[in-house]
2 protein chains.
Amino acid sequence: MKQSQLFTKTQKNAPKDEVSLNAQLLIRGGFINKEMAGVYSILPLGLRVIDKISDIVRDEMNKTGGVEMQSTALQKKEVWEKTNRWDDKIVDNWFKTTLKNGTELGLGFTHEEPMSNLMTSFISSYKDLPIYVYDIRTVFRNEARAKSGIMRGREFFWKALYSFSKNKEEHDVYYEKAKIAYKNIFDRIGLGNKTFLTFASGGTFSKYSHEFQTISDSGEDIIYIDKEKNIAVNKEVCNDGVLKDLGLEKKNLIEKKAIEVGNIFSLSYKFSEPFHLKYRDEKGEEQFVYMGSYGLGISRLMGTITEINNDEKGIVWPEAVAPFQVHLLSLSQNEEAQKIYIALVKNSIEVLYDDREISAGEKFADSDLIGIPYRIVVSKKSLENGGVEIKKRNEKESKIIKIEDITKEIK
Amino acid sequence: MKQSQLFTKTQKNAPKDEVSLNAQLLIRGGFINKEMAGVYSILPLGLRVIDKISDIVRDEMNKTGGVEMQSTALQKKEVWEKTNRWDDKIVDNWFKTTLKNGTELGLGFTHEEPMSNLMTSFISSYKDLPIYVYDIRTVFRNEARAKSGIMRGREFFWKALYSFSKNKEEHDVYYEKAKIAYKNIFDRIGLGNKTFLTFASGGTFSKYSHEFQTISDSGEDIIYIDKEKNIAVNKEVCNDGVLKDLGLEKKNLIEKKAIEVGNIFSLSYKFSEPFHLKYRDEKGEEQFVYMGSYGLGISRLMGTITEINNDEKGIVWPEAVAPFQVHLLSLSQNEEAQKIYIALVKNSIEVLYDDREISAGEKFADSDLIGIPYRIVVSKKSLENGGVEIKKRNEKESKIIKIEDITKEIK
C-alpha cells in the first residue's frame, strides 16, 4: 500500500487523558483512534495487525477441530436468567438496551449461555459429540474504569471457543490440546518466552482454571513463576495448600506483574444443567454434556505485543503480526522506488511504500514509530552505492544490498 | 470440512414465527439461527457465505482506492448531537445504552458522524485528499417490526464506505467509480441481471441518491424499470417531473417489487459543515470537504441471494458465494470417498464431505437443501460404473466421471 493512500498520520503526542503505553504508541502510530475511554476504532494499520493475530488464532483453533461461527451481540434476558447471570447485581459489567416495545436486551460480554442454548437444537445423541465451536467477535463490557488502553476495553475483539464433550475424559483430552494450541499461538505471535500457563481459581465447578499470563510491568495481575517447571500460580490462589497440590516450592517462585491474555475453564455441567443440554449415550441413557470454555483477548494481544516490543522511538512489531513486512522509503527517488514496490508486491511481500513528499527525517521518524520489521531506503546515495539501504527495526546496523537481492534478503 | 465435524443439522421445518422465505431456508439448511426477531447468529455454513460476499465487496472497494478500518459500535452522544441525529424523535431506530456513571451511549446504526469526526484529526491540506475509507461491521437498528428474516435485521453485517473529496468534481468522478464497483459486486455474486441502479430521494443535500434494487417478490420497495436504459426509479420519487428530468417515459416503465441491497449518496457538505471538516487548498484558503457515503447490506445480500436462488428442495447457491464448491456424498464408501476428499482439498477445492452414517435419502435431501453447486456421489454403483456420479445443483442430469477427472470437471 502506498502511504499517500493511507489516511492516517503519525502524531507526536497521544491524547493527554491516555495514560497507558500501549494506547499511546498505537494512537501515535495511527493504529487506533480513541473514541472514548475504553472504546477504540481500529484504523487501517491496526486492522492489519488484528487480522494477522486473528488468522493465527483461527488456524490454531481449526487445527484442534474447532469450527468458526459468529454469535450475536444482542442477548435475550430469558437465556441469561437460566444461569442467574442476567441480574446487574451478579454480573456488574453488562451493557443493557431496550427494544421499541420495552423488552430489555443485553450486549454479550461472553457467550456461554447463548452457545449452550444453541446446542440444544443440535445435540441429541452421542454421535453428535464432541463439538468445538468458536467465534472471533466484538464483545462489550461496561467497565467502571477503563484506563489500560486496549488492554481493558469496553468494546473489544475476543475469541471464545466452547467445547461440548460426552464426559470428563473426552473433555480432558481436548483441554490439553487447547493448552498446546494456546502455546502455539503465543509462540507464533512472539510472546512465547514471556507467557506462562498459570493456575488460577476454578470457581465452584472445577479445582483450577488456567490463565495465560504474559510478564509485563503494565500487567494488572501478580503471578508466581517456577521457571524450571515453566508454570505459574496467580497470587489470588497462591497459598500453601495450592503449592503443595501443584508440587511447587515457595523458594523457587519469582513474583512478576503480568497481563492475562487468555484463560481456559473446565465448565463441567455448570451450563448444560440449567439448559438441559443432554445427549443419549450408546445405551440410550440421557447424560449431560460436559463443557469447557477457552477465551483469548485479540485486542488485548495487540496491546500486549505493543507493551513488550517497543523502544524510545516507537513500536517494534514481531514479523508474524506486523501490519506490513517492509517499509519502503523513497527519499526523492520515487521512480526507482515505484519499480521496487511493484516487484515486491508481485513477490507477495507486504509493503508500505512511503511515496509522500515530506522530509527524510519525518519518514525515518514515522518508520521507527510504526515499527515495520524491515526498512528499505531508496536514496540517491544508496543508488550510487549500488542498491538500497536495508535495516531491521530491531537491529542498529543498516547495509547496502543490490535491488535484485531484496526478496532473498527478506524471505 | 467433514460434515461430521459440522455441528449443525438440517431441519424439516423452520420456527413457526419465521415468515420470510430467506430465513426459513437459511435456518433449515443450518446457515443461521434465530436468537430473536431480527437477530440471527451466523452458523459455520452461513459464515462461509458471509465471508465470500465480504471478500468480493472488499476486493471491489480496494480497487476503487478504498482502505479498510473498523469503527466502533458504541457511540458518543456529543458526536451525534452535532448533526441533530441523537434525538430519538429524529432517528427512530437507535439502540441506546449507558455507562456505569450514567453517560448515555448509542449503538451505531451508520457511521457518517464518527467518520467525519475522525477525519478532523487527519485532514488539513489538499494533499490529504481524496480519502476513501470503509468498514464491514455489525450495525444495530432498533426496528419496531422485524419480519423479513435477515433482510431487515436489528443486528446485521453492513459495509459502508465514506468518501472525502476536495470538491464536487473530484467527488463526482469517484461516485461514478463506485457505481461500477457496485455493478461488479452484483455481477460477481450472481445478482447482476436482476439488480438495477435506481434513482431515489436525495434528501436536502442532493437531487437524487442511487439505490441498487434487486427484483424480488419479497422486496419491500416498488420500482419502475426502463429495461432499455437499464435504470429504474423508486416509486417514492417517481413523478412526471422526475421522469422528464431523467428522460424516461411512463409507457416504457415496468413496475416491480424489489429489495434495496445498496445505496449511495452524495452528502455534499451536510456532515463536513457541522464537524468543521476543512482543508487548505493550494492557495492556502480553507474549504469544506465534499463527502459521499456508499452502503451495502452484507447480511441482506445473503438473504436476497437465497430469495432468488432456490427451488422446492432448497437453496441453489451461485458458485462465487457458495459455502463450498463441492458436496461429496459417501454412500457407505468412506474409504474411497476419503481419498477423493483429500485429493480435492489438496487441489484447493472447497469440499463439504458427508461422512456421516445416515441413509442415502437423508444425504440427498440435505445436499439439495444446503445447495452447494456440485454434488459428487461415491457409491458402490458409481464405482462399478467407473467412477463417481457428478451433478450440478442447478441441473437435472447427473453423469458418471472418472475419479481422476473430477478436478478438471469442476475448475
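In this predicted model, A:Ile264 stands opposite A:Tyr294 in β16(A). That pairing is a handy way into the structure, since β16(A) turns up in several of the contacts described below.

A:Ile264 and A:Tyr294 face each other where strand β13 (residues 253-268) of chain A meets β16(A). The two strands run antiparallel and are joined by six bridges. Strand β8 (residues 155-165) of chain A also pairs with β16(A), again in the antiparallel sense, over eight bridges. Here A:Ser163 has A:Gly292 as its bridge partner. So how many residues of strand β16 (residues 290-297) of chain A are buried? Eight of the eight are, so the strand is largely enclosed by the rest of the structure. Both of its faces are covered. On one side sit A:Tyr290, A:Gly292, A:Tyr294 and A:Leu296, and on the other A:Met291, A:Ser293, A:Gly295 and A:Gly297, every one of them buried.

Stepping back to the whole chain, the secondary structure of chain A comes to eleven helices and 23 strands. Its radius of gyration is 24 Å, close to the 22 Å that the globule rule gives for 411 residues, so chain A is as compact as a globular protein of that length. The C-alpha trace spans about 80 × 60 × 45 Å along its principal axes. Of the 411 residues in chain A, 47% are buried. Among contacts in chain A with a separation of 6 or more, 67% come from residues 24 or more positions apart. The chain is divided into domain 1 (21-311) and domain 2 (324-410), and the C-alpha centres of these two domains lie 39 Å apart.

Next come the two copies. A turn of 180° and a shift of 0.0 Å along the axis lay chain A on chain B with an RMSD of 0.0 Å. This is the relation of a two-fold axis. The same surface serves both copies, with 100% of the contact residues of chain A recurring in chain B. Which residue of chain A comes closest to the rotation axis? It is A:Thr97, whose C-alpha lies at 2.5 Å.

The contact between the chains takes 40 residues from chain A and 40 residues from chain B. On the side of chain A that touches chain B, at least two residues each are supplied by β1 (32-36), β2 (39-42), α2 (44-63), β3 (67-68), β4 (74-76), β5 (95-98), α4 (112-119) and β7 (131-140) of chain A. By class, that side has 21 nonpolar, eleven polar and eight charged residues.

Some of these contributing elements are also linked to one another through strand β6 (residues 104-107) of chain A. β4(A) runs antiparallel to β6(A), with three bridges between them, and A:Lys76 stands opposite A:Leu105. β5(A) pairs with β6(A) as well, in the antiparallel sense over four bridges. In this second pairing A:Thr97 stands opposite A:Leu105. β5(A) and β6(A) form a hairpin with five residues between them, and A:Gly102 in the turn has a positive phi of about 95°.

The matching strand in chain B offers a look at a single residue. B:Gly106 belongs to strand β6 (residues 104-107) of chain B and is buried, with 23 other C-beta atoms within 10 Å. Leaving out residues up to four places away in sequence, B:Gly106 touches B:Gln75, B:Trp80, B:Trp94, B:Phe95 and B:Lys96. B:Gln75 is 31 residues away along the chain, yet the C-alpha atoms of B:Gly106 and B:Gln75 are separated by 4.8 Å.

Helix α4 brings the two chains together in the description once more. α4(A) is mostly covered, with seven of its eight residues buried; these are A:Glu113, A:Pro114, A:Met115, A:Ser116, A:Asn117, A:Leu118 and A:Met119. What do the buried residues of α4(A) pack against? In chain A the partners are β4, α3 (77-81), β7 and β8, and in chain B they are β1 (32-36) and β2 (39-42). Helix α4 (residues 112-119) of chain B is mostly covered too, with seven of its eight residues buried. The buried residues of α4(B) pack against β1 and β2 of chain A, together with β4 (74-76), α3 (77-81), β7 (131-140) and β8 (155-165) of chain B.

Terms used: Residues are numbered from 1 along each chain as its sequence is written. Chains are lettered from A and ligands numbered from 1 in the order in which they are written. This is a predicted model: local features need pLDDT of at least 70, side-chain atom pairs count only at pLDDT 80 or more; totals for chains, interfaces and linings use all residues. Domain bounds come from an automatic or database domain assignment. Two residues are in contact if their C-beta atoms, placed from the backbone, lie within 7 Å. Ala, Val, Leu, Ile, Met, Phe, Trp, Tyr, Cys and Pro count as nonpolar, Asp, Glu, Lys and Arg as charged, and the others, Gly among them, as polar. Copies are superposed by least squares on the C-alpha atoms of residues with pLDDT of at least 70 in both. A residue is buried if 20 or more other C-beta atoms lie within 10 Å of its own, exposed if 12 or fewer, and partly exposed in between; C-beta atoms are placed from the backbone. Two strands pair if DSSP finds at least two bridges between them. The radius of gyration is taken over C-alpha atoms; the globule rule is 2.2 Å times the number of residues to the power 0.38.
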